[in-house]
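Q: Please take a close look at the sheet in this structure. How is it ordered, what packs on it, and which residues fill the core beside it?

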Amino acid sequence: MKPQLTFLSESAIELVFPEPLSDALLARVGAATGHFQHSEELRRLGVTDVVPAYQRIVFHFRGSEVAGDDILDAIRHMPLPPGKERSAPLHVLPVRYDGEDLEWIANHAGLTPDEVIRLHTVPEYRVAMIGFRPHFPYLYGLDERLAMP
């Protein structure tokens with residue numbers, strides 16, 4: 001699917017990749033973000049920040065000082081680089097499975113607490129994006145059986 005480009009506000013433009021979250025999509029978003037962050041043309045047009053998220057990239061600019069339509073056109077005409085899987089360091093995080101919600105999650109998922117622990121510890125998770133606070137990563141790779149409301 002072709003990415004969609006729209007104004008998010010008077011000082012931000014959003015490039016949305018309308019496809020399911022996957023390793024390939026994360027690689028595409030990452031490659032495109034790096035490409036746009038190093039664009040002299042976008043910098044010259046007034047883009048102040050390029051922020052990736054799960055399935056989108058947001059371009060911030062000085063809304064009262066620059067023409068957002070010019071930025072929109074520039075982004076629209078820039079070729080997107082292919083996404084390439086990147087190697088990243090593996091971080092091992094200590095986890096305790098003695099919380100009050102373990103039993104609730106197991107019951108809700110129709111699993112035993114031991115199965116919940118196994119399903120949670122088997123995958124290697126990827127950081128899909130950094131949240132609104134520094135050092136707050138949103139992870140990708142959770143077994144769907146453990147997704148909770």
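A: In this predicted model, four strands form an open sheet in the order β1-β2-β4-β3, and their pairing is antiparallel. The edges belong to β1 (4-9) and β3. Each has a single partner strand, so one side of each lacks a neighbour in the sheet. From one strand to the next, the twist averages 20°.

Take the pairing of β1 with β2. Five bridges join these two strands in the antiparallel sense. One residue pair can be named: Ser9 has Ala12, in β2, as its bridge partner.

Next, the helices. α1 lies across β2, β3 and β4. Its direction runs at about 20° to β4. α3 also packs on the sheet, and it touches β1, β2, β3 and β4. The direction of α3 makes about 155° with that of β1.

Now the core. The largest nonpolar core counts 21 residues. Ile13, Phe36, Leu42, Ile57, Phe59, Ile71 and Ile75 have the most contacts inside it. Two or more residues come from each of β2 (12-16), α1 (23-37), α2 (40-45), β3 (47-52), β4 (56-61) and α3 (68-77). Phe59 shows how these parts meet. Leaving aside residues up to four places away in sequence, Phe59 touches Ser11, Ala12, Ile13, Leu15, Phe36, Leu42, Asp49, Val50 and Ile75. A second core is separate from the largest one and has seven residues, among them Ala106, Val116, Leu119 and Leu146.

The loop between β3 and β4 adds a link to a distant part of the chain. It holds Tyr54, which pairs with Tyr138 in strand β6, 84 residues apart. The two ring centres are 6.3 Å apart and the planes stand at 80°, so this pair is edge-to-face. Both residues are partly exposed: Tyr54 has a relative accessible area of 25%, and Tyr138 has 28%. Tyr138 also pairs edge-to-face with Phe136, at 5.4 Å centre to centre and 70° between the planes. Phe136 is partly exposed as well, with a relative accessible area of 40%. Ring pairs thus link Tyr54, Phe136 and Tyr138 into a cluster.

One more residue lies in the segment after β6 (137-140): Asp143. Its side chain reaches the backbone nitrogen of Arg145 at 2.8 Å. Asp143 is partly exposed, at 21% relative accessible area.

Key: Residues numbered from 1 in each chain as written. Heavy atoms only, no water. Buried < 20%, exposed > 50% of the residue type's maximum accessible area, 1.4 Å probe, protein only. Polar contact = N/O pair within 3.5 Å; in protein donor to acceptor, adjacent residues only side chain to side chain. Core = buried A, V, L, I, M, F, W, Y, C linked by side-chain atoms within 4.5 Å. Contact = heavy atoms within 4.5 Å. Pairing = 2+ DSSP bridges. Axes fitted to C-alpha atoms, helices over the stretch in contact; angles between N-to-C directions. Phe/Tyr/Trp six-rings, centres within 6.5 Å; stacked < 30°, edge-to-face > 60°.
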